[in-house]
Amino acid sequence: MPPASVIDREPVQWEAMTSVVIVGSGFTGFECARHLARILGKHGADVDVTIVSPVDYMLYTPLLPDVAGGVVDARFVTIPLANALRGVRAVRGRVDTVDLEGHTLSFTDPEDRVRSLSWDRLVLTPGSVTRLFDIPGLAEHARGLKSTAEALYLRDHVLEQFELATIDDDPARAAARRTIVVVGASYSGTELVAQLRALADAAASQMGFD
């Protein structure tokens, strides 16, 4: 097979399309929309680019552990779609179904109304969810770290448990309140351990416990 550099590539026929719909506003969806808008604008193509997402921002997920640790404000880890994606229509909604043959999709808007959207080209970048593995009790007791809401909850929950530990009459329960277990050793997991360690040290100093 010849190398990719010498394979004849058929040029993109922008005139054959009228719409591109991107599902998801994470890293991939955001960058896809930004580059498409730039390319289409450069070529003067009459193509509508729409990004559909439950939120109106791109979340910089690598900084979520810093939000959980209290060193970064949650406002500074998001990029509003309206200001960053010029030439792209942003639609708030959670996509429920995709009809590949009919070139349509349905989504639920923030007011729980079901709407539909047609497309000539579709890009699916819905993002990821927290993996629970097969660890007993994880689904019932663990908290994820995939959104600013979860990061803020984690920070507040940890501090609350430390405060309760200082007044708990049961030594075993007090020790449990001061124990944090992080499942997963990827970038997010290891960074979260470091940030929560720093948060715990600061809280221990202020609350007067080891």
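Which residues does L145 touch, not counting residues up to four places away in sequence? In this predicted model, L145 is in contact with L64, P65, A68, T130, E150, A151, L154 and L192.

Several of these names recur in the interior of the protein. The largest nonpolar core comprises 18 residues, and L145 is listed with A68, A151, L154, F162 and L192 as having the most contacts inside that core. In soluble globular proteins, nonpolar side chains tend to be buried together. Here, the elements that supply two or more residues to the core are α2 (64-68), α5 (148-165) and α7 (187-207). Of these, α7 gives the most, with 6 residues. A second core, separate from the one just described, contains 14 residues; among them are F30, A37, V47 and L81.

The description now turns to the sheet. Strands of a sheet pair through backbone hydrogen bonds, either parallel or antiparallel. In this model, 4 strands form an open sheet with parallel pairing, and their order is β5-β2-β1-β9. The edges are occupied by β5 (88-92) and β9 (121-124). Each edge strand has a single partner strand, so one side of each is left without a neighbour in the sheet. From one strand to the next, the twist averages 20°.

The pairing of β1 with β2 can be followed at the level of residues. Strand β1 (residues 19-23) runs parallel to strand β2 (residues 48-53), and 5 bridges join the two. Within this pairing, V21 has T50 in β2 as its bridge partner.

Conventions: Residues numbered from 1 in each chain as written. Predicted model: local features only at pLDDT ≥ 70, side-chain atom pairs only at ≥ 80, totals over all residues. Heavy atoms only, no water. Core = buried A, V, L, I, M, F, W, Y, C linked by side-chain atoms within 4.5 Å. Buried < 20%, exposed > 50% of the residue type's maximum accessible area, 1.4 Å probe, protein only. Contact = heavy atoms within 4.5 Å. Pairing = 2+ DSSP bridges. Axes fitted to C-alpha atoms, helices over the stretch in contact; angles between N-to-C directions.
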